[in-house]
Amino acid sequence: MESVWDHSVYKKPNLRNHDHDISAREAAYFIDDMVHQLDEIEAEPNTRQAQLSTRGGVERDLYDDRFPKAPESDKGLNLTQKKLTDADLTALARHLKAGHRYNALFLGGNQFSHLGLVTLLEVLKTDQLVRHLILPNNHLNQFAMAGLADLFKVNHFIGWLVLNKNAVGTFGVKIFSDCLPRNKGLKHLILSDNEIEDMTALVENLMDHPRIESLFLQRNPILKKGYKALAALIAQSKTLKRVDLRRTGHGDCLEALDLKALGRRQGVEVRL
């Protein structure tokens, strides 16, 4: 089984160079050309198990054998580090709306803003195929989180949301957390390498979530005041399997050690 981070049925296509200043029409041609090449590659024999060489900016320390795996049948559209702009995401949204068969969207390391992202998220509100939304290293902020909150209020099919290495702070994660009591699909939430100080609202809104399994918060400047709420989540959740708090500055404090001990009793892996 391949990890979701590596997984794609496509070989890496040899795409043309991208001009940042192209028009919306040219962006549409670029997306159509890119997807056409990917579809041609899929049709070639012996490419179903091919992996893309880029990992979309996700940290290597997330690829461990204990982390969940994506089914080999999941098809991914990998647009990692393609210098995509807002116009490109608008064109991609039109392409997806017209019909697709992708279970994963790899969009890490690009140059779009929340404006282009919201256009794509609007299409995903009624989409039932995409299971993995991979958005690391895109400088996404609280405005993007508001768009994601609107999406996850109504989309119960996306199970992986990867937002590491963005510009998500406490306010942004609080905005997003408002969707969680209404969401029934999210399983793995990766918020590593952001600017989150207070995780209380996020953790409290996950308390009764029916499917959440993973919460990754490593390398955020987390304040200890959120540990009480996290302890309640670990004690109460029937689905939680892992919480990652590595390199948050409190790995050897009493509260963190208590969390780890609680996790052992509850069958939840707490990484410090």
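R242 sits in strand β7, which spans residues 242-244; strands here are DSSP runs of E with at least two residues, helices are runs of H or I with at least four, and both are numbered from the N terminus. The model is a predicted one, so local features need pLDDT of at least 70 and side-chain atom pairs count only at pLDDT 80 or more, while totals for chains, interfaces and linings use all residues. Residues are numbered from 1 along each chain as its sequence is written, and side-chain values use heavy atoms, with hydrogens and water left out.

Back to R242: with a relative accessible area of 9%, this arginine is buried. Buried stands for under 20% relative accessible area, exposed for over 50%, and partly exposed for what falls in between (1.4 Å probe, protein chains only). R242 also has E269 for company, at 4.5 Å in space from C-alpha to C-alpha, although the two are 27 residues apart in sequence.

As for the chain overall, 8 helices and 8 strands turn up in the protein chain. Of its 272 residues, 56% are buried. Contact means heavy atoms within 4.5 Å. Among the contacts in the chain with a separation of 6 or more, 86% are between residues 24 or more positions apart.

Now for the helix pairs. Two packed helices are described by the angle between their axes and the distance between the axes. Here the axes are lines fitted to C-alpha atoms, for helices over the stretch in contact, and angles run from 0 to 180 degrees between N-to-C directions. Helix α4 (residues 142-154) packs against helix α5 (residues 170-177) at about 10°, the axes being 8 Å apart. The two helices, α4 and α5, are therefore roughly parallel to each other, a label for angles under 35 degrees (over 145 is roughly antiparallel, 65 to 115 roughly perpendicular and the rest oblique). On the α4 side the contact uses Q142, M145, A146, L148, A149 and F152, and on the α5 side F171, G172, V173, I175 and F176. Sorted by class, this α4 and α5 contact has 9 nonpolar residues, 2 polar and no charged. In that scheme Ala, Val, Leu, Ile, Met, Phe, Trp, Tyr, Cys and Pro are nonpolar, Asp, Glu, Lys and Arg are charged, and the others, Gly among them, are polar.

The α4 and α5 contact also brings in an aromatic pair: F152 and F176 are edge-to-face, 5.8 Å centre to centre with 75° between the planes. Rings of Phe, Tyr and Trp (its six-membered ring) pair if their centres lie within 6.5 Å, and planes under 30 degrees apart are stacked, over 60 edge-to-face and the rest tilted. F152 belongs to α4 and F176 to α5, so the pair ties together parts 24 residues apart in sequence. Both F152 and F176 are buried.

Helices α2 (residues 86-97) and α3 (residues 114-124) cross at roughly 5°, their axes coming within 8 Å. That makes α2 and α3 roughly parallel as well. Contact residues are D86, L89, T90, L92, A93, L96 and K97 from α2, plus L115, G116, L117, T119, L120 and V123 from α3. This contact of α2 with α3 counts 8 nonpolar, 3 polar and 2 charged residues.

Finally, the backbone. Most residues other than glycine have a negative phi. Q81, in the loop between β1 (76-78) and α2, has a positive phi near 55°. R247, in the loop between β7 and α8 (254-266), has a positive phi of about 60°. With 64% relative accessibility, R247 is exposed.
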